[in-house]
Amino acid sequence: MRSIVHPGPVAVDRFQCVGGRIEHLECTLAPGASLLEAISGFVSAHGAQSAVLTLRGGAFEPFSYVMPAESRSTDHAVYFSDRFDAQGEVQLLVACVTYGLRENLSFLHCHADWRDAQGRPGGGHLLPGDVVISQSIQASVWLMHGMGFVVDADAETNFSLFQPRVLKNQDQSQSPVAPGVSGYAVRVAPNVDVCTALEQACRAHGINKAVLHGGVGSLVGACFDDGRIVEPHITEVFIRHGVIEPGRDGEPVAAIDISMVDYTGQLSSGRLQRGKNAVLVTFEMVLEPVA
């Protein structure tokens with residue numbers, strides 16, 4: 001498994017996990033608002049401060065994004081490209097979003113696949129306040145109660161990153177969700193295989209079967225289970241589908257399908273090979289145990 005050397009001290013905690021309640025809702029994000037405004041309005045109206053989402057269909061105009069890129073200094077092992085501003089309306093194919101707080105204000109992390117006005121495929125990291133919805137987007141939303149994601153400094157990578165935290169609901173009267181734990185906000189640290197980390201988390205919490213919601217992060221290239229290898233090591237990734245189910249021996253086995261763009265602009269997708277895919281900078285998602 002390939003790895004990356006970051007500038008800061010390696011954190012002891014390689015997998016962060018905070019339990020709480022999740023609430024699944026479907027909604028339509030209407031035209032006219034930025035992606036950040038639209039999601040913030042929906043989540044706060046339902047008494048939550050954090051959520052993960054999957055978005056499908058619809059369009060944006062204007063549309064701004066960045067790509068994964070090599071770092072220009074020793075301050076970071078990897079970085080972002082300069083800003084790109086698409087010409088014309090961009091059709092969204094699918095995206096994953098982590099929504100939470102940064103300095104007590106709304107913020108989100110979104111990786112997406114799209115087609116531009118000329119029909120060319122693209123992928124990357126959306127700039128949440130600078131992409132405006134021009135055609136309605138269908139959203140699957142998993143609201144988080146009692147937990148969520150908060151941007152905090154990460155000494156190892158020298159980035160500010162979403163990290164799981166205990167959070168109080170804004171308005172308990174808005175949410176019918178009963179107390180207890182029905183899901184976990186998780187973050188996987190660099191140089192840890194994302195599949196085996198989730199399998200270990202399931203074993204630690206006595207979970208035999210689970211589904212993943214959201215899923216935004218980066219990997220050191222990729223090894224797919226059909227033998228394909230993505231050699232460029234700087235990537236942006238989102239999860240299309242993820243489950244953990246008992247294998248033949250009864251132990252949890254993760255099956256994670258991803259979409260990815262690397263720093264050369266190559267787009268890739270497929271199922272990750274277990275034990276072969278190290279996180280590059282971070283990977284955040286929600287883990288939901290199922291019967």
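This briefing covers two nonpolar cores, helix 2 and two pockets of the structure above. The model is predicted, so local features need pLDDT of at least 70 and side-chain atom pairs count only at pLDDT 80 or more, while totals for chains, interfaces and linings use all residues. Residues are numbered from 1 along each chain as its sequence is written, and side-chain values use heavy atoms, with hydrogens and water left out.

**Nonpolar cores**

- The largest nonpolar core (buried Ala, Val, Leu, Ile, Met, Phe, Trp, Tyr and Cys residues joined through side-chain atoms within 4.5 Å; buried means under 20% relative accessible area with a 1.4 Å probe, protein chains only) has 34 residues.
- Leu29, Leu35, Ile39, Leu53, Leu55, Phe60 and Leu126 have the most contacts inside this core.
- Two or more residues each come from strand 1, helix 1 (35-45), strand 2 (50-56), strand 8 (90-102), strand 9 (105-115) and strand 12 (137-145); helices (H or I, at least four residues) and strands (E, at least two) are DSSP runs numbered from the N terminus.
- Helix 1 supplies the largest share of the core, six residues.
- Another core lies apart from this one and has 30 residues, including Val192, Cys202, Leu219 and Val279.
- Leaving out residues up to four places away in sequence, Phe60 touches (heavy atoms within 4.5 Å) Leu35, Leu126 and Ile137, among others.

**Helix 2**

- Helix 2 spans residues 194-204, and its buried residues are Val194, Cys195, Ala197, Leu198, Glu199, Ala201 and Cys202.
- The cover over these buried residues includes strand 1 (15-29), strand 15 (183-188), strand 16 (210-219), strand 19 (235-246), strand 20 (252-262) and strand 22 (279-289).
- At the start of helix 2, a side-chain oxygen of Asp193 comes to within 3.3 Å of the backbone nitrogen of Cys195.
- Gly206 follows helix 2 and has a positive phi, near 65 degrees.

**Pockets**

- A pocket is an open set of points on a 1 Å grid over the protein atoms alone, where a 1.4 Å probe fits, with protein on both sides within 12 Å along at least five of seven lines; lining residues have an atom within 4 Å of a point.
- The largest pocket holds about 580 Å³ of space, the volume being that filled by probe spheres set on the points.
- Of its 28 lining residues, Phe80, His109, His125, Ser160 and Leu161 lie nearest the centre.
- The second largest pocket holds about 230 Å³.
- This second pocket has 14 lining residues, with Tyr65, Trp114, Asp116, Pro121 and Gly122 nearest its centre.
- Strand 10 gives the most to the lining of the second largest pocket, three residues.

How values were computed:
Buried means under 20% relative accessible area, exposed over 50%, partly exposed in between (1.4 Å probe, protein chains only). A polar contact is a pair of N or O atoms within 3.5 Å; within protein, one must be able to donate a hydrogen and the other to accept it, and residues adjacent in sequence count only if both atoms are side-chain atoms.
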